[in-house]
Amino acid sequence: MKRVDVAIVGGGPAGMTAARQAAESGADVLLVEKGVPREDREELGPDSTDAAGMLDYWVDILDIPFEEIPDHVVLQELDSTTFYGPNETCTLESTGIESSYDGFGFTFNRTHMDDWLREEAERAGAEYRVGDGVTDVETDLTGGHSHTLSLSGGEEIESEYLILADGPQRQVTMRVLDRFSPEDRKISQVMAPNEANHIAYQEYREFPEELFEDDDLKFWWGVMPGETAYPWVFPNDGTVARVGLTMPIGMDIENVEDREKYDLLRPEDDRIPRPGEYIERLLEREYGDEYDLSDFPLVEDRGKNKGTETYPISSTRPIDSPTKAGIAVVGGAMGTTSAFHEGGYHVAARTGKIAGELAANGNLSSYNDRWKDVIGDEILRNVTFADIVGDYGPDKWDKTIAATRNLLANGGLGSGLKSKFAAGVTGAKLLGTYQKRKRSFKNGKYVQFEESEYTI
């Protein structure tokens, strides 16, 4: 039986940064990734599906200097993000958060970024094994902790430390953590993917040159039903953009109130439209006066399948890890990524890096405190905003976007009482609601399953 210091399940950004950091710290590391095919990758690799944008301060959370990222990974440097409501618009030209990156942000090729991180992990000495899934993990806590991983090819691997990085589907994570969870509160219940995830879909489309804006991210709110459901356009290379959307899994159109107010629904719809239908309707809504769909052809040598890809995004609050068992859960598997900001490459990679360092040094006990110290403010913002807008309909989105535009025109969110009044009653209420809701999640209250709840 092969024995290693650190075994990692999952080869996305969290798993690969964990592998690189652990190997650089001197550990014997094995990463196991089942692998998926893609049109734009010659071999199997991680499930590299994401709209792939990076804001300025996210670079610091990522903890990889921008200068180190290869040129072929970065697609477009950004100047702004525009938020569209059914009738209102607001453009954000600064996140308002100090950062080392001198710009608003950038889009990047997720496949190339993942493959680069893999190269860095292997260069550091980690073994990256793709095409062989983990079917089970047995943990022995007799006189310490050891983990035996059963692989789909029949091999068994023994490790002292286990890092679970299998993303928002968290199939291995749930199986492992359920054994350390109370009978009435299993992790598979707390974070069931069909309830705790959103479904995301995107298409690679060629835009007419005169319509392609290479420096702006676009998001539409209140045009399709569902909690934190929204379409987007992200500039890619050349005049190719990723047009996508995210929405809750398993929505029933019969439960949608005020259906007529959603611009991407039609009176004849007897079900929630397919994601591809939503995208066609979005393009028609925005450009249909002068263009038709043939002006936005699919780029079929991209994505998972002929220019398209479907993938899950975690939309739940994070959990602690059972570090006494020598286990750290990272990235989407632990719920740090968020449908509200379209994934979370930066928080996934950073949790992986922390876990890899601590596992290599033979002590995971500080992991839950460390990840909160580093990404806690980011998680707090996301949880707060997502909670506030959870039941927003089209009218509320229009009011909020207009109020946000006024707030930005009068000094932003941190400029005091004077700007609250200048922004109007709605702006003052928005600030007050945000501050109150944020306080309710402070001091780690955004964690939905704490380490003390594990039965170890």
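**Figure 1. Aromatic pairs in the predicted model.** The structure holds 22 aromatic pairs, and the model is a predicted one. One of the pairs joins tyrosine 57 and tryptophan 58. Its geometry is edge-to-face, with 6.4 Å centre to centre and 80° between the planes. Planes over 60 degrees apart count as edge-to-face, so the label fits this pair. Tyrosine 57 is buried, because its relative accessibility is 11% and buried means under 20%. Tryptophan 58 is also buried, with a relative accessible area of 8%.

**Figure 2. A stacked pair between two helices.** Phenylalanine 385 and tyrosine 434 stack at 4.7 Å centre to centre. Their planes stand 25° apart. The cut-off for stacked is under 30 degrees. This pair links distant parts of the chain, as 49 residues separate the two partners. Phenylalanine 385 sits in helix 9 (residues 367-388). Tyrosine 434 belongs to helix 12 (residues 424-440). The two partners differ in exposure: phenylalanine 385 is partly exposed at 28% relative accessible area, whereas tyrosine 434 is buried at 12%.

**Figure 3. An aromatic cluster.** One cluster is formed by Phe83, Phe219, Trp221, Tyr230, Trp232, Phe234, Tyr392 and Trp397. A pair of aromatic rings is described by the distance of the centres and the angle of the planes.

**Figure 4. An open sheet of three strands.** The strand order is 5-9-6, and the pairing is antiparallel. Strand 5 (53-55) and strand 6 (74-78) are the edge strands. Each has a single partner strand, so one side of each is left without a neighbour in the sheet. From one strand to the next, the twist averages 20°. Strand 6 is joined to strand 9 (residues 105-108) by four bridges. Among the residues of this pairing, leucine 78 has glycine 105 in strand 9 as its bridge partner. In a regular strand the side chains alternate between the two faces of the sheet.

**Figure 5. A hairpin of strands 3 and 4.** Strand 3 (residues 36-38) and strand 4 (residues 41-45) run antiparallel. Two bridges join them. The hairpin connects strand 3 to strand 4 through two residues. Arginine 38 stands opposite arginine 41, which lies in strand 4.

**Figure 6. Helix 4 and its surroundings.** Helix 4 (residues 171-178) is mostly covered, with six of its eight residues buried. The buried residues are Val172, Thr173, Met174, Val176, Leu177 and Asp178. They pack against both strands and helices. The strands are strand 1 (2-9), strand 11 (134-140), strand 13 (156-164) and strand 19 (327-329). The helices are helix 5 (187-190) and helix 6 (193-196).

**Figure 7. The packing of helix 1 on helix 8.** Helix 1 (residues 13-24) and helix 8 (residues 345-360) pack at an angle of about 30°. Their axes lie 7 Å apart. The crossing of helix 1 and helix 8 is right-handed. Helix 1 contributes Pro13, Ala14, Thr17, Ala18, Gln21 and Ala22 to the contact. From helix 8 come Tyr345, Ala348, Ala349, Gly352, Lys353, Gly356, Glu357 and Ala360. The contact residues of the two helices divide into eight nonpolar, four polar and two charged.

Definitions and conventions: Residues are numbered from 1 along each chain as its sequence is written. This is a predicted model: local features need pLDDT of at least 70, side-chain atom pairs count only at pLDDT 80 or more; totals for chains, interfaces and linings use all residues. Side-chain values use heavy atoms; hydrogens and water are left out. Rings of Phe, Tyr and Trp (its six-membered ring) pair if their centres lie within 6.5 Å; planes under 30 degrees apart count as stacked, over 60 as edge-to-face and the rest as tilted. Buried means under 20% relative accessible area, exposed over 50%, partly exposed in between (1.4 Å probe, protein chains only). Two strands pair if DSSP finds at least two bridges between them. Axes are lines fitted to C-alpha atoms, for helices over the stretch in contact, and angles run from 0 to 180 degrees between N-to-C directions. Contact means heavy atoms within 4.5 Å. A crossing is left-handed if the near helix is turned anticlockwise from the far one by less than a right angle, and right-handed if clockwise. Ala, Val, Leu, Ile, Met, Phe, Trp, Tyr, Cys and Pro count as nonpolar, Asp, Glu, Lys and Arg as charged, and the others, Gly among them, as polar.
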